[in-house]
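Let's take a walk through this structure together, one piece at a time. Keep the picture open as you read.

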2 protein chains.
Amino acid sequence: METQDLKKAGLKATVPRMKILALLEENKVRHVSAEDVYKALLESGEDLSLATVYRVLTQFEQAGLVTRHHFEGGHSVFELNQGEHHDHILCVKCGRVDEFVDKVIEERQQKIAAEKGYNMTDHSLYIFGICSACQKD
Amino acid sequence: METQDLKKAGLKATVPRMKILALLEENKVRHVSAEDVYKALLESGEDLSLATVYRVLTQFEQAGLVTRHHFEGGHSVFELNQGEHHDHILCVKCGRVDEFVDKVIEERQQKIAAEKGYNMTDHSLYIFGICSACQKD
DNA sequence: TAAGTTAATGAGAATCGTTCGCATTTAGTG
DNA sequence: CACTAAATGCGAACGATTCTCATTAACTTA
Ligand SMILES: [Mn+2]
Ligand SMILES: [Mn+2]
Ligand SMILES: [Zn+2]
Ligand SMILES: [Zn+2]
């Protein structure tokens, strides 16, 4: 249950945190914005503040529970950390998001960082395109 | 001169556009924000509006003259299109930006898009790390 | 080169996602 | 159950960007 996950992450098990974590763990939603989380919880009868959603998601990010993505469009989207690191490919027409893992790219990035004298800490890779469904238009 | 470049791009050769393009073509600044451009021009004695800088940079982007990047931090940065496409590696401490071209990664992206059924239109790749100078801290 | 047409500009208001300040509530502890 | 620090809700504030609209400047044509 969420209480344990939160404690493990060094966070007090408050109601808003548990609700938000429970929502993410349902896995019905992935790549959600703070607004998405807020609305989903409101609709399911919870009463909480948008500011809290932002705060909690940021705390979850810092605790390593979620990853924040900057899919274009000026707002952050979050996803629960589960399974291995992956990157994303997005449809610029319908907003569909697919995930992929590519060992070759991961290694190349390490090599490039090393060549440039950087100590690599992170990376962000998005491929944009038209998904198969949207190509039939 | 800038007049020709603008005409070629299908844009009226107005004063603000020429000043902005001239600034970018000086090549003393790369990866600049709209605010950077605005301040630089103010300091060099030009008088123009920040709204115009935003408008012009967006037009330049649409005309293919500049590329817009979303280096983390909630604001866009622009760079003049010259030479080949490249990606970026950024220092998370000092903000230094280096550029690189990697054929292997480019090809892999194409392959991934194809596998996922996407018609790839674009991609964005940023590597983050600590630059060699900042590692000595 | 002056007049006309249309697009571009300047100034500031508006927008949008996100953060902040502060009074109030709550979780964890003994 | 009382205590203390931390978390929350609310609304104001924020920063980057866009918009509105009156004014001005670029191309066109005569
Ligand atoms: Mn994902
Ligand atoms: Mn560059
Ligand atoms: Zn699509
Ligand atoms: Zn550095």
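A word on handedness comes first: a crossing of two helices is left-handed if the near helix is turned anticlockwise from the far one by less than a right angle, and right-handed if clockwise. Bear in mind, too, that what you are looking at is a predicted model.

Now put that to use in chain B. Find helix H2, residues 15-26, and helix H4, residues 50-62; their axes come within 10 Å and cross at roughly 70°. Angles of 65 to 115 degrees count as roughly perpendicular, and therefore H2(B) and H4(B) are roughly perpendicular to each other. Is their crossing left-handed or right-handed? The crossing of H2(B) and H4(B) is right-handed. On the H2(B) side, the contact is made by B:Pro16, B:Arg17, B:Ile20, B:Leu21 and B:Leu24. H4(B) brings B:Thr52, B:Val53, B:Val56, B:Leu57, B:Gln59 and B:Phe60 to the contact. Sort the residues of this contact by character and you get eight nonpolar, two polar and one charged.

Over to chain A, starting with the general layout. Chain A has six helices and five strands. Reading from the N terminus, its elements go α-α-α-α-β-β-β-β-α-β-α. Draw a box along the principal axes, and the C-alpha atoms of chain A fill roughly 45 × 45 × 25 Å.

Chain A has a helix pair to look at as well. Here helix H3 (residues 34-43) packs against helix H4 (residues 50-62) at an angle of about 125°, with the axes 9 Å apart. That angle makes H3(A) oblique to H4(A). The crossing of H3(A) and H4(A) is right-handed. Which residues meet there? From H3(A) come A:Ala34, A:Glu35, A:Val37 and A:Tyr38, and from H4(A) come A:Leu50, A:Val53, A:Tyr54 and A:Leu57. The residues of this contact divide into seven nonpolar, no polar and one charged.

Next, the metals. Zoom in on the zinc ion (ligand 3), whose protein donors are the SG atoms of A:Cys91, A:Cys94, A:Cys131 and A:Cys134, lying 2.2 to 2.4 Å from the ion. The angles among the four donor atoms are 104 to 114°, and the site is tetrahedral. Along the chain, the donors of this zinc ion follow the spacing C-x2-C-x36-C-x2-C. Two of these donors link distant parts of the chain: A:Cys94 is in the loop between strand S3 (87-91) and strand S4 (97-100), while A:Cys131 is in the loop between strand S5 (119-130) and helix H6 (132-135), 37 residues apart.

Chain B holds donors for a zinc ion too. The zinc ion (ligand 4) is coordinated by SG atoms of B:Cys91, B:Cys94, B:Cys131 and B:Cys134, at 2.2 to 2.4 Å. Why does the arrangement around this zinc ion (ligand 4) count as tetrahedral? Because its four donor atoms subtend angles of 104 to 113°. The donors of the zinc ion (ligand 4) have the spacing C-x2-C-x36-C-x2-C.

Last stop: the manganese ion (ligand 2). It is coordinated at 2.1 to 2.5 Å by NE2 of B:His31, B:His86 and B:His88, by two OE atoms of B:Glu79 and by an OE atom of B:Glu99. The six donor atoms subtend angles of 55 to 171°, which makes the arrangement around the manganese ion (ligand 2) irregular. In sequence, its donor residues are spaced H-x47-E-x6-H-x1-H-x10-E. Here, too, distant parts of the chain are linked: B:His31 is in the loop between H2 and helix H3 (34-43) of chain B, and B:Glu79 is in strand S2 (residues 77-80) of chain B, 48 residues apart.

Methods
Residues numbered from 1 in each chain as written. Chains lettered and ligands numbered in written order. Predicted model: local features only at pLDDT ≥ 70, side-chain atom pairs only at ≥ 80, totals over all residues. Heavy atoms only, no water. Axes fitted to C-alpha atoms, helices over the stretch in contact; angles between N-to-C directions. Helix = DSSP H or I, 4+ residues; strand = E, 2+ residues; numbered from the N terminus. Parallel < 35°, antiparallel > 145°, perpendicular 65-115°, else oblique. Contact = heavy atoms within 4.5 Å. Nonpolar A, V, L, I, M, F, W, Y, C, P; charged D, E, K, R; others polar. Donors = N, O, S within 2.8 Å, 3.2 Å for Na, K, Ca; no water. Tetrahedral: all angles 85-135°; square planar, octahedral: opposite > 155°, others 65-115°.
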